[in-house]
Amino acid sequence: EAQEIMHAALGPWDDKTLRASRLVAAAQLALGRLDEAERTLHQVLAIGQEQAARIPREALLTLEQLVELADCRDQRAEALRLREEQYAVYCRRPEFGPGHADSLGAGENLGLRYEAAGCFDKALEMDERLAEGYARLEGPEGPNVLNLQNAIVRVLWRMGRRRDAEARLAT
């Protein structure tokens with residue numbers, strides 16, 4: 001009801017209305033009303049993407065909630081697709097771009113999804129790209145660079161490329 005009142009008073013594109021709608025979806029998720037939460041989130045995402053120049057954060061936060069919903073439903077392929085979409089949105093937004101810390105963080109989440117799905121080639125490619133991006137931001141010894149170097153070693157090991165993993169550890 002509060003969502004409808006805000007929608008009528010402020011309009012569907014107002015960032016307060018979208019934020020309230022996302023909060024309603026979070027409550028629906030918490031109550032196990034997954035279908036309702038999904039409908040609400042898709043409505044918010046559609047409006048957020050229409051108004052992306054003005055309110056890009058709402059679309060990104062909504063994508064995050066849709067990933068959580070897919071996880072609740074054990075829909076791994078859908079969660080992976082949503083992570084790919086989220087990363088693409090971060091990378092193409094002028095205020096972020098592929099080298100922005102938020103974009104790199106979204107890429108880390110995607111890389112972890114690739115690894116969990118057994119898509120090791122994609123995970124390795126993503127982790128290497130992210131390590132380069134973080135090195136430009138933090139320098140070669142930055143904490144995120146070192147974490148990604150560890151992730152690269154882990155992925156190489158899981159791929160059965162033990163010598164490559166050991167060589168990475170030696171550097």
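Start with helix α4: with three residues, α4 gives the largest share of the lining of the largest cavity. Helices here (H or I, at least four residues) and strands (E, at least two) are DSSP runs, numbered from the N terminus. Before you click further, note that this is a predicted model, where local features need pLDDT of at least 70 and side-chain atom pairs count only at pLDDT 80 or more, while totals for chains, interfaces and linings use all residues. Residues are numbered from 1 along each chain as its sequence is written, and side-chain values use heavy atoms, with hydrogens and water left out.

**Stop 1: the cavity**

Select Glu-38, His-42, Leu-66, Leu-69, Ala-70, Gln-75, Glu-78 and Leu-82, and you have the lining of the largest cavity. Two or more of the lining residues come from each of α3 (34-50), α4 (56-72) and α5 (76-92). By type, the lining splits into four nonpolar, two polar and two charged residues. For that split, Ala, Val, Leu, Ile, Met, Phe, Trp, Tyr, Cys and Pro are nonpolar, Asp, Glu, Lys and Arg are charged, and the others, Gly among them, are polar.

How many cavities of 30 Å³ or more are there? The count is one, and the largest cavity has a volume of about 50 Å³. A cavity is a set of points, on a 1 Å grid over the protein atoms alone, where a 1.4 Å probe fits but cannot get out; lining residues have an atom within 4 Å of a point. Points are joined across faces, edges and corners, and the volume is the space filled by probe spheres set on them.

**Stop 2: along α4 and just past it**

Stay on helix α4 and pick Gln-65. Is Gln-65 buried or exposed? Its relative accessible area is 9%, so Gln-65 is buried. The cut-offs are under 20% for buried, over 50% for exposed and in between for partly exposed (1.4 Å probe, protein chains only). Show what surrounds Gln-65: beyond its neighbours within four places in sequence, it is in contact (heavy atoms within 4.5 Å) with Arg-22, Ala-25, Ala-26, Leu-29 and Leu-41.

Now hop to Asp-74, in the loop between α4 and α5. Asp-74 counts as exposed because its relative accessibility is 52%. Check its backbone too: phi of Asp-74 is near 60°, a positive value in a residue other than glycine.

**Stop 3: helix α8**

Jump to Arg-154, which sits in α8 (residues 143-158). With 36% relative accessibility, Arg-154 is partly exposed. Setting aside neighbours within four places in sequence, you'll find Arg-154 in contact with Leu-112 and Glu-115. Try a distance label to Leu-124 as well: C-alpha to C-alpha, Arg-154 and Leu-124 are 9.4 Å apart, with their positions 30 residues apart in sequence.

**Stop 4: two cysteines**

Select Cys-72, exposed at 53% relative accessibility, then Cys-119, partly exposed at 27%. Looking for a disulfide (a pair of cysteine sulfur atoms within 2.5 Å)? A search of the whole structure turns up zero.

**Last stop: zoom out**

Colour by secondary structure and you get nine helices and zero strands. Of the chain's 171 residues, 41% are buried. Among contacts with a separation of 6 or more, 50% link residues 24 or more positions apart. Switch on the surface to finish: the chain exposes about 9,500 Å², with carbon and sulfur atoms supplying 53% of that. Accessible areas come from the Shrake-Rupley method with a 1.4 Å probe, and for residues only the protein chains shown count as cover.

Methods. A disulfide is a pair of cysteine sulfur atoms within 2.5 Å. On a 1 Å grid over the protein atoms alone, a cavity is a set of points where a 1.4 Å probe fits but cannot get out, and a pocket is an open set with protein on both sides within 12 Å along at least five of seven lines; lining residues have an atom within 4 Å of a point.
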